Amino acid sequence: MTFTKRQKLMLRLLFLSFSGGIIGGYFKIMDNPNSDWMLGITILFQLIAVFGLASNWSRNLTISESKS
């Protein structure tokens with residue numbers, strides 16, 4: 001199975017959100033007041049990545065992919 005550029009971008013965003021969740025959880029344990037914002041942004045990134053992977057938008061080839 002080969003991935004398009006858009007799907008690769010959404011996978012990168014999903015993996016980035018996992019690391020953000022781990023860091024945000026650590027900050028939450030250490031009682032940092034900004035940890036709620038970090039965890040909220042992590043959830044938002046995960047939602048964007050999942051919806052991006054599930055949509056037809058990510059399956060379409062970009063202009064540069066269709067030329068080569």
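The count of aromatic pairs in this predicted model comes to 2. One is formed by Phe15 and Phe18, a tilted pair with 6.5 Å from centre to centre and 50 degrees between the planes. Beyond the rings, the model has 1 salt bridge, and the buried residues of helix α1 pack against α2 (35-54). A residue other than glycine, Asp31, has a positive phi near 65 degrees.

**Aromatic pairs**

- A pair of aromatic rings is described by two quantities, the distance of the centres and the angle of the planes.
- Phe15 and Phe18 lie 3 residues apart in helix α1, so about one helical turn separates them.
- An α-helix has 3.6 residues a turn, so residues three or four places apart point the same way.
- Phe15 has a relative accessibility of 54% and therefore counts as exposed.
- Phe18 counts as partly exposed because its relative accessible area is 41%.
- Tyr26 and Phe27 also pair: their ring centres are 6.0 Å apart and their planes meet at 50 degrees, so this pair is tilted.
- With a relative accessible area of 47%, Tyr26 is partly exposed.
- Phe27 is partly exposed as well, because its relative accessible area is 28%.

**Helix α1 and its buried residues**

- Helix α1 covers residues 5-29, and Tyr26 is found in it.
- The helix has 25 residues and reaches 36 Å from its first C-alpha to its last, close to the 36 Å expected at 1.5 Å a residue.
- Its buried residues are Gln7, Met10, Leu13, Leu14, Ser17, Gly20 and Gly24.
- These buried residues of α1 pack against α2 (35-54).
- Gln7, placed in helix α1, has a relative accessible area of 10% and so is buried.
- With neighbours within four places in sequence left aside, the contacts of Gln7 are Thr2, Leu53, Ser58 and Arg59.

**The segment before α1**

- Thr4 belongs to the segment before α1.
- Its relative accessibility is 9%, so Thr4 counts as buried.
- Not counting residues up to four places away in sequence, Thr4 touches Ser58, Arg59, Asn60, Leu61 and Glu65.
- Ser58 and Arg59 are among the residues that Thr4 touches, and Ser58 and Arg59 are also among the contacts of Gln7.

**Surface patch**

- Tyr26, Ile29 and Met30 form a nonpolar patch on the surface.
- The accessible area of the three residues together is about 370 Å².
- The patch member Tyr26 is also in the tilted ring pair with Phe27.
- Tyr26 counts as partly exposed because its relative accessibility is 47%, and patches are made of residues with over 30% relative accessible area and no salt bridge.

**The loop between α1 and α2**

- Asp31 is found in the loop between α1 and α2.
- It comes just after α1 and takes a positive phi of about 65 degrees.
- Asp31 is a residue other than glycine with such a positive phi.
- At 69% relative accessibility, Asp31 counts as exposed.

**Salt bridge**

- The count of salt bridges comes to 1.
- It joins the side chains of Asp36 and Lys28, with 2.6 Å from N to O.
- Asp36 has a relative accessibility of 47% and so counts as partly exposed.
- Lys28 is likewise partly exposed, because its relative accessibility is 41%.

**Ser35 in helix α2**

- Ser35 is found in helix α2.
- Its relative accessibility is 2%, so Ser35 counts as buried.
- With neighbours within four places in sequence left aside, Ser35 is in contact with Gly24, Phe27 and Lys28.
- Among these contacts, Gly24 is one of the buried residues of α1, Phe27 has its ring paired with that of Tyr26, and Lys28 meets Asp36 in the salt bridge.
- Ser35 and Leu14 are 21 residues apart in sequence, and their C-alpha atoms are 19 Å apart in space.
- Leu14, like Gly24, is listed among the buried residues of α1.

Technical notes:
Residues numbered from 1 in each chain as written. Predicted model: local features only at pLDDT ≥ 70, side-chain atom pairs only at ≥ 80, totals over all residues. Heavy atoms only, no water. Patch = residues over 30% accessible without salt bridge, like charges linked within 9 Å, V, L, I, M, F, W, Y side chains within 5 Å. Areas by Shrake-Rupley, 256 points an atom, 1.4 Å probe, with all protein chains shown as cover. Salt bridge = Lys/Arg side-chain N within 4 Å of Asp/Glu carboxyl O. Helix = DSSP H or I, 4+ residues; strand = E, 2+ residues; numbered from the N terminus. Buried < 20%, exposed > 50% of the residue type's maximum accessible area, 1.4 Å probe, protein only. Phe/Tyr/Trp six-rings, centres within 6.5 Å; stacked < 30°, edge-to-face > 60°. Contact = heavy atoms within 4.5 Å. Expected span 1.5 Å × (residues − 1).
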